[in-house]
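Please examine the chain shown below, together with its sequence. The paragraphs after it form a guided reading.

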Amino acid sequence: MKIHRIDHVGIIVNDLPATKAFFLDLGLEVLGETEVNGEWVERIIGLNGVKETVVMLGMPEGQATVELVKFHTPTDEKGIQQSSANTLGIRHIAFAVEDIEAVVAKLKKNGAELVGEIQNYNNAYKLCYVRGPEGIILELAEQLK
């Protein structure tokens, strides 16, 4: 038995068009979009009456993918819960980028917010957190030459 790789990260969203646009602005590409329902998915995820839209997004060079899921049924009655960087659980997805300032500017232009500041870490990386739609936090990392 061995593990091969991280295949994808799944993100449950309410506003699928806005979240999809956020990741497209970042530079990901749509790999596919489909409606999912039926007993097979209900048995996998342990919910009844499932109807969802799934969008798979990928990096231009391949590697891992991001799965955006909009549940039409059943819905989450709690709604979106804003969290801080230190809230327990999975909190952010990190992306290696070129020209971090340009990436941040593009995302901010379309409504994302810089959580803190872009910082130089030991002259090895520029790092920052960006909050997008529905509280999604991305860590951006630019490796310095």
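What follows moves from the overall fold to the strands near the C-terminal end of the numbering, and then to the charged side chains.

The model is a predicted one. Its secondary structure comprises 3 helices and 9 strands. Read from the N terminus, these elements follow the order β-α-β-α-β-β-β-α-β-β-β-β. Along the principal axes, the C-alpha atoms occupy a box of roughly 50 × 40 × 30 Å. The chain has 145 residues, of which 31% count as buried.

Strand β8, covering residues 125-131, is a useful place to begin, and its pairings can be taken in turn. With strand β6 (residues 113-114), β8 pairs in the antiparallel sense over 2 bridges. Within this pairing, E113 has R131 of β8 as its bridge partner. Strand β7 (residues 119-121) also runs antiparallel to β8, and 3 bridges join the two. Here N120 is matched with K126 in β8 as its bridge partner. The hairpin of β7 and β8 has 3 residues between the strands, and N122 takes a positive phi near 55° in it.

Strand β9 (residues 137-143) is another antiparallel partner of β8, joined to it by 7 bridges. In this pairing, Y129 stands opposite E139 of β9. The hairpin of β8 and β9 has 5 residues between the strands; in this hairpin, E134 adopts a positive phi near 60°. As background to these pairings, side chains in a regular strand alternate between the two faces of the sheet.

The charged side chains may be considered next. Side chains of opposite charge can pair when their charged atoms come close. The structure holds 4 salt bridges, and three of them are described here, beginning with one that involves strand β8. K126, already met as the bridge partner of N120, forms a salt bridge with E101 through their side chains, at 2.8 Å from N to O. This pair links distant parts of the chain, since K126 lies in strand β8 and E101 in helix α3, 25 residues apart. K126 counts as partly exposed because its relative accessibility is 23%, which falls between the limits of 20% for buried and 50% for exposed. E101 is likewise partly exposed, with a relative accessible area of 37%.

A salt bridge within a helix is formed by the side chains of E39 and R43, at 3.5 Å from N to O. These residues are separated by about one helical turn, because they lie 4 residues apart in helix α2 (residues 39-45). E39 counts as exposed, at 53% relative accessibility, and R43 is exposed as well, with a relative accessible area of 67%.

The side chains of D7 and R5 also meet in a salt bridge, with an N to O distance of 3.3 Å. How exposed is each partner, D7 and R5? D7 is partly exposed, with a relative accessible area of 41%, whereas R5 counts as exposed at 60% relative accessibility.

Charges of like sign also gather on the surface. Which residues make up the patch of negative charge? The patch consists of E29, E61, E98 and D99. D99 is placed in the loop between β5 (92-96) and α3 (100-109). With 42% relative accessibility, D99 counts as partly exposed, and this value therefore lies over the 30% required of a patch residue.

Definitions and conventions: Residues are numbered from 1 along each chain as its sequence is written. This is a predicted model: local features need pLDDT of at least 70, side-chain atom pairs count only at pLDDT 80 or more; totals for chains, interfaces and linings use all residues. Side-chain values use heavy atoms; hydrogens and water are left out. Two strands pair if DSSP finds at least two bridges between them. Patches are made of residues with over 30% relative accessible area and no salt bridge: like charges are joined within 9 Å, nonpolar side chains (Val, Leu, Ile, Met, Phe, Trp, Tyr) within 5 Å. Accessible areas come from the Shrake-Rupley method with a 1.4 Å probe; for residues, only the protein chains shown count as cover. Lys and Arg count as positive and Asp and Glu as negative; His and the chain ends are not counted. The place of a charge is taken as NZ of Lys, CZ of Arg, CG of Asp or CD of Glu. Buried means under 20% relative accessible area, exposed over 50%, partly exposed in between (1.4 Å probe, protein chains only).
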